[in-house]
Amino acid sequence: MANTTAVYARIDTELKENAEGILAQLGITPSSAIQMLYSQIVLRGGMPFDLRLPSRKPLAVGAMTREQIDTELEKGVASAASGRTYTADEVDEELRRRYGI
């Protein structure tokens, strides 16, 4: 048997259960998954996926919670009440500039 050592990590219980459920469906043990991750870290000389902050692209309304929608609507009402309004062309240009859309 190969020389092995234990790895201990504390993670969220729900995350662990969800991940192990998926691994079980794939026929992979948690130990094998960790072995695969470590192998990829060594092969790539770093994490095997990009580590960066998510883009600040606006959410589609369907992906927003009711609270997020309410907050954005309140911002719009406050903006209009203070006289800060924009034409559709100005909004389109700002979306292109900020988000490339």
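The paragraphs below go through this predicted model from its overall form to its helices, its surface and its charged pairs.

The protein chain contains 4 helices and 0 strands, and when it is read along the sequence the pattern is α-α-α-α. The radius of gyration of the protein chain is 23 Å, well over the 13 Å that the globule rule gives for 101 residues, so the chain is more spread out than a compact globule. Taken along the principal axes, the box filled by the C-alpha atoms of the protein chain is roughly 75 × 30 × 25 Å. Of the 101 residues, 4% count as buried, where buried stands for a relative accessible area under 20%. The area that the protein chain exposes comes to about 9400 Å², and carbon and sulfur atoms supply 57% of it.

Among the helices, H2 covers residues 30-44 and so has its 15 residues spanning 21 Å from the first C-alpha to the last, close to the 21 Å expected at 1.5 Å a residue. Just after H2, Gly45 takes a positive phi of about 70°.

Helix H2 also leads to the surface, through Leu37, which lies in this helix. Together with Val7, Ile34, Tyr38, Met47, Phe49 and Leu51, Leu37 makes a nonpolar surface patch of about 670 Å². Why can Leu37 belong to such a patch? Patches are made of residues with over 30% relative accessible area and no salt bridge, and Leu37 is partly exposed, with a relative accessible area of 31%, so it passes the accessibility cut-off.

The charged side chains give another view of the helices, for the structure holds 5 salt bridges. Side chains of opposite charge can pair when their charged atoms come close. In helix H1, which runs over residues 13-26, Glu20 and Lys16 lie 4 residues apart, about one turn of the helix, and their side chains meet in a salt bridge with an N to O distance of 3.2 Å. Because an α-helix has 3.6 residues a turn, residues three or four places apart point the same way. Both partners count as partly exposed, since Glu20 has a relative accessible area of 30% and Lys16 has a relative accessibility of 38%.

A comparable description applies to helix H3, made of residues 66-81, in which Glu72 and Lys75 are 3 residues apart, about one turn of the helix. The closest N and O atoms of Glu72 and Lys75 are 3.0 Å apart, and the two residues form a salt bridge. Glu72 is partly exposed, with a relative accessible area of 41%.

In helix H4, residues 88-99, which residue forms a salt bridge with Arg96? The partner is Glu93, the closest N and O atoms being 3.5 Å apart. Arg96 and Glu93 are 3 residues apart in this helix, and they are therefore separated by about one helical turn. Arg96 is partly exposed at a relative accessible area of 46%, and Glu93 likewise counts as partly exposed, at 43% relative accessibility. Beyond this pair, Glu94, Arg97 and Arg98 are joined into one network by salt bridges that share partners.

How values were computed: Residues are numbered from 1 along each chain as its sequence is written. This is a predicted model: local features need pLDDT of at least 70, side-chain atom pairs count only at pLDDT 80 or more; totals for chains, interfaces and linings use all residues. Side-chain values use heavy atoms; hydrogens and water are left out. Helices (H or I, at least four residues) and strands (E, at least two) are DSSP runs, numbered from the N terminus. Patches are made of residues with over 30% relative accessible area and no salt bridge: like charges are joined within 9 Å, nonpolar side chains (Val, Leu, Ile, Met, Phe, Trp, Tyr) within 5 Å. Accessible areas come from the Shrake-Rupley method with a 1.4 Å probe; for residues, only the protein chains shown count as cover. A salt bridge is a side-chain nitrogen of Lys or Arg within 4 Å of a carboxyl oxygen of Asp or Glu. Buried means under 20% relative accessible area, exposed over 50%, partly exposed in between (1.4 Å probe, protein chains only). The radius of gyration is taken over C-alpha atoms; the globule rule is 2.2 Å times the number of residues to the power 0.38.
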